[in-house]
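Welcome, and please take a look at the sequence and the 3D view below. The report that follows walks through a few local details.

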Amino acid sequence: MLHLQNYIGGALLAPLSGRYLPNIEPATGQVFSQIPDSDATDVARAVQAAEAALPAWRLLPAEDRGRLLVRISELIERDLERLAQAESQDNGKPVGLARVVDIPRAASNFAFFGTAAQHFASETHFQEGVALNYTVRHPLGVVGCISPWNLPLYLFTWKIAPALAAGCCVVAKPSEITPYTAFLLSELCIEAGLPAGVLNIVHGTGPGAGQAIIEHPAIKAISFTGGTKTGEHIARTAAPMFKKLSLELGGKNPNLVFADCDLREAVQTSLRSSFANQGQICLCGSRIFVERPIYEQFKEQFLAGVAQLTVADPQEAGSRQGALVSEAHLQKVLSYIALAHEEGGTLLAGGQRVRLDGRCAEGYFLQPTVFEGLAPDCRVNREEIFGPVVTLTPFDTEKEALTWANGTEYGLAATIWTRDLNRAHRVAHELQSGIVWVNTWLHRDLRTPFGGMKSSGVGREGGLEALRFFTEPQSITVKL
Ligand code: NAD
């Protein structure tokens, strides 16, 4: 059986304790690899390697740092098919999705920040004949990057690439539920010639390896993506140590469909924003509010689309819905379906676990599920489910839609469907969401600031924001 290894000091190493954890393929429910169950001793080793690499890495010209990152991007592109297969096996997502979303985006992350390294300059200003002020942006030093299971390589590289581009050395931990592509990335980093210790990847659980990273005194910043509860815990642990924190957390995103929208487009995109990756994208719009005059029409077309979403082996070309990531997560989502019934919802589609034949007989499959008739402030409409479950609710006024849209503790992303330009701007401005899409969804430009308001996070990733996060400004004043 495949045994993944840590990547520390440029080498692939077993955990010092010799302990491994089973890694399950969600589509089959079977163990397919073993991953290091690393602890504080492995993290200490990784930090030591990163500290040793730091002096040379931070002084390497940005052009050379950038070239190495672009080389990693090229190797990801070369191995796209292998990485897509690995991501699908490890996460349960359709391989077709990994091929067009996850892996190309991981390659773009390295290419984007590899080139950005060369364009990141700091400010200077002349103070009216008396002084010259300039700002130096120092790399923070050794930083920690911790990522979740839903977009494994995509989100892992979204943190690592800017940290490296900024001149930091990294100790990173992928989710223990989906570690495979992070391991394959370590092999590509060795092939690309990344200097030893610049990037270290330590596998293991949150309480084991993750906790050791957030507690380590030499780690100056934590860039974390994951659940809001974990984010709270990380803030409580790391803030008193004055670590810099970037927290990308949960969401409960609204999708507002106004009567004047392009209905066909709104329905087609809402199917994706509801069920892509089995609804396990932090940006999925799980609360669909539809203006009453088109409610029945939207519902009919949406349900017709849901009926076309084939639940199948994620390795099959026609699979539109793969497996959920784990049995525990499937049970959590099923508990919300039970709650939706208790809270008085009417089931319009799905609601049941799916048992497939053959190799997927023990997999974690669920029908795409739609409810209506739930109060906008009930638990199902306020709490993050993170699965293929959405609610439909009619609204009568813009004000009502906005009140409901903003009525959760979260504020990550929102979508607006309308042809009225004034309304689009007005509503976008009133939405308590870090990201607003108008007549589109998951339209990403890596230059834009990415992140959430309220309990969806602190700080922004993307573009220059990420490079600023991983550096510390120092102001120098020269008297003339
Ligand atoms: P999670 O919080 O359980 O785990 C995320 C990572 O944190 C994992 O690597 C885990 O091992 C680690 N971790 C857990 N406990 C830790 C600890 N004590 N110290 C350090 N690390 C620890 O989240 P998950 O279940 O993997 O991911 C799903 C969540 O992620 C959802 O809430 C989703 O909304 C959120 N998410 C947010 C974004 C965003 O950009 N805002 C993107 C994707 C996912």
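## An aromatic pair across the chain

Let us begin with phenylalanine 289, which is buried because its relative accessible area is 0%, under the 20% limit used for that word. Please keep in mind that this is a predicted model.

The ring of phenylalanine 289 pairs with that of tryptophan 404: their centres are 5.9 Å apart. The planes meet at 40 degrees, so the pair counts as tilted, a label for angles that are neither under 30 degrees nor over 60. Phenylalanine 289 belongs to strand β14 (residues 285-291) and tryptophan 404 to helix α13 (residues 398-405). With their positions 115 residues apart, the two rings link distant parts of the chain.

## More rings

In total, the model has nine aromatic pairs. Another of them joins phenylalanine 112 and phenylalanine 113, whose ring centres are 4.9 Å apart. Here the planes stand at 90 degrees, so this pair is edge-to-face. Phenylalanine 113 is buried, with a relative accessible area of 0%.

Phe112 and Phe113 join Trp158 in one aromatic cluster. Tryptophan 158 also has a charged partner: the charged end of arginine 105 sits over its ring, 4.5 Å from the centre.

## Asparagine 109 and its partners

Next comes asparagine 109, a residue of helix α4 (residues 95-116). Is asparagine 109 buried or exposed? Its relative accessibility is 0%, so it counts as buried.

What does the side chain of asparagine 109 reach at 2.9 Å? One partner is the backbone oxygen of tyrosine 154. The side chain of threonine 157 is another, in a polar contact of 2.9 Å with the asparagine 109 side chain. Leaving aside residues up to four places away in sequence, asparagine 109 touches Tyr154, Thr157, Trp158, Ala161 and Leu446. Trp158 in that list is also a member of the aromatic cluster described above.

## Around the ligand

How many residues surround the ligand? There are 29, and the closest are Ser147, Glu176, Thr230, Leu249 and Glu384.

Some polar atom pairs can be picked out here. Threonine 230 has a side-chain N or O atom 2.6 Å from an oxygen atom of the ligand. For glycine 226, a polar backbone atom is 3.3 Å from a ligand oxygen. Histidine 233 has an N or O atom in its side chain 3.5 Å from a nitrogen atom of the ligand. On its own, the ligand has 850 Å² of accessible area, and the protein covers 88% of that.

Definitions and conventions. Residues are numbered from 1 along each chain as its sequence is written. This is a predicted model: local features need pLDDT of at least 70, side-chain atom pairs count only at pLDDT 80 or more; totals for chains, interfaces and linings use all residues. Side-chain values use heavy atoms; hydrogens and water are left out. Helices (H or I, at least four residues) and strands (E, at least two) are DSSP runs, numbered from the N terminus. Buried means under 20% relative accessible area, exposed over 50%, partly exposed in between (1.4 Å probe, protein chains only). A polar contact is a pair of N or O atoms within 3.5 Å; within protein, one must be able to donate a hydrogen and the other to accept it, and residues adjacent in sequence count only if both atoms are side-chain atoms. Contact means heavy atoms within 4.5 Å. Rings of Phe, Tyr and Trp (its six-membered ring) pair if their centres lie within 6.5 Å; planes under 30 degrees apart count as stacked, over 60 as edge-to-face and the rest as tilted. A charge sits over a ring if NZ of Lys or CZ of Arg is within 6 Å of the ring centre and within 35 degrees of the ring normal. A residue is near a molecule or strand if one of its heavy atoms lies within 4 Å of it. Accessible areas come from the Shrake-Rupley method with a 1.4 Å probe; for residues, only the protein chains shown count as cover.
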